[in-house]
Amino acid sequence: MALLKMRIGKRVIEKISYALSVAATLAVAWLAAGFAGDVYAADNLRGRQLYAANCSICHGEGGRSVIPGAPNFGRGEAVLKPDMTLLAAIRSGKNAMPAFQGILSDRDIMDVIAYVRTLH
Ligand code: HEC
């Protein structure tokens, strides 16, 4: 009898641990899918750091431009243009604005654009 109880107990434990391992596998898969998604989405936080290092000297912290002629992103200037237009402008530069091709990757620039869009 005691042996039978032990066997049933063992089976229950096996079932529970199997259920837990399935749950853990699903949780890992779910997390992995979440992180994989991030790889393709623009990263605002990275964009913010890149903006602080490369753009804020002219376009200002929080998008309040500090040099004449630089669009004020805080007031939504220039950001109505599509991503690809802004990407091209930032890559190639314009008048007093330096070109960032070779300094920032397209991915970096897309992250900066995503951040700039949050400023107004
Ligand atoms: C040395 C100063 C300076 C720096 C650094 C700078 N910009 Fe500019 N930026 C300007 C000026 C000036 C203009 C306006 C150019 C013009 O229209 O004559 C401009 C224009 C722009 C525009 C509008 C382009 C368009 O076609 O309307 C965007 C977007 C922009 N900058 C983004 C950035 C980003 C992002 C960075 C950092 C990666 C950056 N800028 C760094 C000075 C700067």
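1. Two residues are in contact if their C-beta atoms, placed from the backbone, lie within 7 Å, and it is in this sense that the word is used in the points below. The model under review is a predicted one, which should be kept in mind throughout.

2. As for the overall fold, the secondary structure of the protein chain consists of 5 helices and 0 strands, and the pattern read along the sequence is α-α-α-α-α. Of the 120 residues in the protein chain, 13% are buried. Among the contacts in the chain with a separation of 6 or more, 57% are between residues 24 or more positions apart.

3. Helix 2 (44-54) deserves a careful look, and its buried residues are Gly47, Leu50 and Tyr51. Seen down the axis of helix 2, these buried residues fall within an arc of 105°, so they line one face of the helix. The face turned away from that buried side carries Leu45 and Ala53, which are exposed. What covers the buried residues of helix 2 includes helix 3 and helix 5.

4. Leu50 can be followed further: leaving aside its neighbours within four places in sequence, Leu50 is in contact with Leu104, Asp108, Asp111 and Val112. Both Leu50 and Val112 belong to the largest nonpolar core, which has 12 residues in all and also includes Tyr51, Cys55, Phe73, Ile90 and Phe100. Helix 2 and helix 5 each supply at least two residues of this core, and the largest share, 6 residues, comes from helix 5.

5. Turning to the ligand, 22 residues surround it, and the closest are Cys55, Cys58, Ala89, Asn95 and Met97. The elements that give two or more residues to this shell are helix 3 (56-59), helix 4 (83-92) and helix 5 (106-116). Sorted by class, the shell has 17 nonpolar, 4 polar and 1 charged residues. Cys55 is worth noting twice, as one of the closest residues to the ligand and as a member of the largest nonpolar core.

6. Is Cys58, another of the residues closest to the ligand, buried, exposed or partly exposed? A residue is buried if 20 or more other C-beta atoms lie within 10 Å of its own, and exposed if 12 or fewer do; because Cys58 has 16 C-beta neighbours inside 10 Å, Cys58 counts as partly exposed. Cys58 lies in helix 3 and, not counting residues up to four places away in sequence, touches Ser65, Val66, Ile67 and Ala70. The C-alpha atoms of Cys58 and Gly69, which are 11 residues apart along the chain, are separated by 9.5 Å.

Notes: Residues numbered from 1 in each chain as written. Predicted model: local features only at pLDDT ≥ 70, side-chain atom pairs only at ≥ 80, totals over all residues. Near = placed C-beta within 6 Å. Helix = DSSP H or I, 4+ residues; strand = E, 2+ residues; numbered from the N terminus. Nonpolar A, V, L, I, M, F, W, Y, C, P; charged D, E, K, R; others polar. Core = buried A, V, L, I, M, F, W, Y, C linked by C-beta atoms within 7 Å. Arc of directions from axis to C-beta.
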